[in-house]
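Reader: Got a minute to go through this one with me? I'd like to start with how the chains meet.

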Amino acid sequence: MKFITHLHNNFIIASRNLIDFINPIGFYLISIVIFVFFFGIENNTLVQFLPAIMWVSAFLANLLALDKLYSQDYNSGVLELFLINKSVGISYASAKLVYYYIVTIIPQVLVSTVISLVFNLSYKLAFILAISLLLGNLLFTLLGAIIMAVMVNIRKSNILTSVILLPLFIPVIIFASSMLYAASHELNYIGSIGILLSFGFILAPIAPFAIYYALKLGYEV
Amino acid sequence: MKFKSKILNSTLGTIFRATAKYLKHDNFYVLSNKIIKILSIIVFPLIIYGLIAGLFLAPSDEVQGDGFRIIYVHVPAAFLSLFVYTNLAIFSGIYLVWRIKLFDMLAKASAEIGAVFTFIALVTGSIWGKPMWGTWWIWDARLTSELILLFLYWGYLAIRQSIPNEKSAAKIASFVAVLGIINVPIVHFSVNWWFTLHQGSTISNFTNIKIASSMAYPLVAMILSFVLLYVIIILLKVRNIVLKNKLQKLDLAGAI
């Protein structure tokens, strides 16, 4: 099967259970609101911490959403058939990545941009926050999809996955935070964007192969 | 398949075949006994020399007085924490490629020891930091990357603990360990970079101090003896696992 066919199938399935990709956005909004209660709306602390709040909320929401990445195909038994042929398996993996990015990450980033403008972030900072979320969540998707693939056979692996994923994700968090810090202090932030992009360019071509291998390993288990 | 046969026919393959008979658990059990005996004869004089020369004979530091002597535990433990993680990833990679069970046992034993060494390095570091820097903890680059290393060990051990099926836990854990070793240098450099952007490196100069030879020799001796100690401990641990598996095969594990 071709990449486009896989992608088409994924979108058809997504369009039939819309609730599955509205839920992560709901979770994202609710967790941001919880932070707002703690920080209060009086002073400027909220604006100062808004990038951190959004990153933490996006991280948690994606962790929950990634859990369902392969579960439907796994439960229906289709996944095993996709793994028989290498080219089919790799195109399946890359289609899953693209599908997840379009269906979960991009709506999330759009919502977060609206929120940051509502909370009176400057246009420039809101734009950079959106870019950092787009790049950071891309990397998170790539890493998380690999880890989820190896755990495909394990029931209730949610907390375990987060314990494994967090340390692997720390370099991305460091560069994104320094990028936002530089942007809010009128410093040069292009370097951090470049490093995040280079992480993406290195990881994105490897990820489908890694996912295919990890899924095979996960199925052997 | 083609790849495998190519390796087996090369000179590397002859070395593999020569060592292959020790990959059988019975032969390994006999061999490890000999290695442990030899290494313990070496390690005990070495560690006694290191401790006595480090704690009593070496001159006290000009700035820190006798407080610096914790270096003889702290630096070897910190060195071991990285060294053991590298070994863990190599063992896991070998297990993933060739599916040799012995290497998985070595990896598991290494992870437990490595986590302990990382913890020792963090604790002795903060005990050292309190009188010298005036604080237990500071978000310095080295400390942060050491902490993340502890989290990586934690993840590895969490997989082994929480997945009941031994074989599946082994495969998943070794996959994660191999992913983790790619991450270790990235974490190290990114954390360094993060701090050189934000604040002047007042503390990293401290680590660049060259020490006198009367202080350095005990330190080298301690690092060597820690490495040998690590080898002895993993061999002992793997011997235990081999025995346990034997007992399970004989169906005696329930009786004990």
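Reader: So how many residues of chain B are in contact with chain A?

Author: There are 27 on the chain B side, in contact with 24 residues of chain A. Keep in mind that this is a predicted model.

Reader: OK, and what area is buried between the two chains?

Author: About 2,300 Å² is buried between chain B and chain A, and carbon and sulfur atoms give 83% of that.

Reader: Which three residues supply more than any others on the chain B side?

Author: That trio is B:I172, B:F175 and B:W193, which supply 24% of the area chain B buries against chain A.

Reader: What about salt bridges across the interface, how many does the rule find?

Author: Zero between chain B and chain A. For polar contacts, the count is one residue pair, with both residues at pLDDT 80 or more.

Reader: Which helices of chain B each supply at least two residues to that side?

Author: α6 (141-162) and α7 (166-198) of chain B do. α7(B) gives the most, with 16 residues.

Reader: Switching topic: which residues form the nonpolar patch on the surface?

Author: They are B:F44, B:I48, B:L51, B:I52, B:L55, B:F56 and B:L57, with about 720 Å² of accessible area together.

Reader: Take B:I48. Where is it found?

Author: B:I48 sits in helix α3 of chain B, residues 25-57.

Reader: And why does B:I48 count as partly exposed?

Author: Because its relative accessibility is 48%, and partly exposed covers what lies between under 20% for buried and over 50% for exposed.

Terms used: Residues are numbered from 1 along each chain as its sequence is written. Chains are lettered from A and ligands numbered from 1 in the order in which they are written. This is a predicted model: local features need pLDDT of at least 70, side-chain atom pairs count only at pLDDT 80 or more; totals for chains, interfaces and linings use all residues. Side-chain values use heavy atoms; hydrogens and water are left out. Patches are made of residues with over 30% relative accessible area and no salt bridge: like charges are joined within 9 Å, nonpolar side chains (Val, Leu, Ile, Met, Phe, Trp, Tyr) within 5 Å. Accessible areas come from the Shrake-Rupley method with a 1.4 Å probe; for residues, only the protein chains shown count as cover. A salt bridge is a side-chain nitrogen of Lys or Arg within 4 Å of a carboxyl oxygen of Asp or Glu. Helices (H or I, at least four residues) and strands (E, at least two) are DSSP runs, numbered from the N terminus. Buried means under 20% relative accessible area, exposed over 50%, partly exposed in between (1.4 Å probe, protein chains only). Contact means heavy atoms within 4.5 Å. Buried area is the accessible area (1.4 Å probe) that two parts lose on being put together, summed over both. A polar contact is a pair of N or O atoms within 3.5 Å; within protein, one must be able to donate a hydrogen and the other to accept it, and residues adjacent in sequence count only if both atoms are side-chain atoms.
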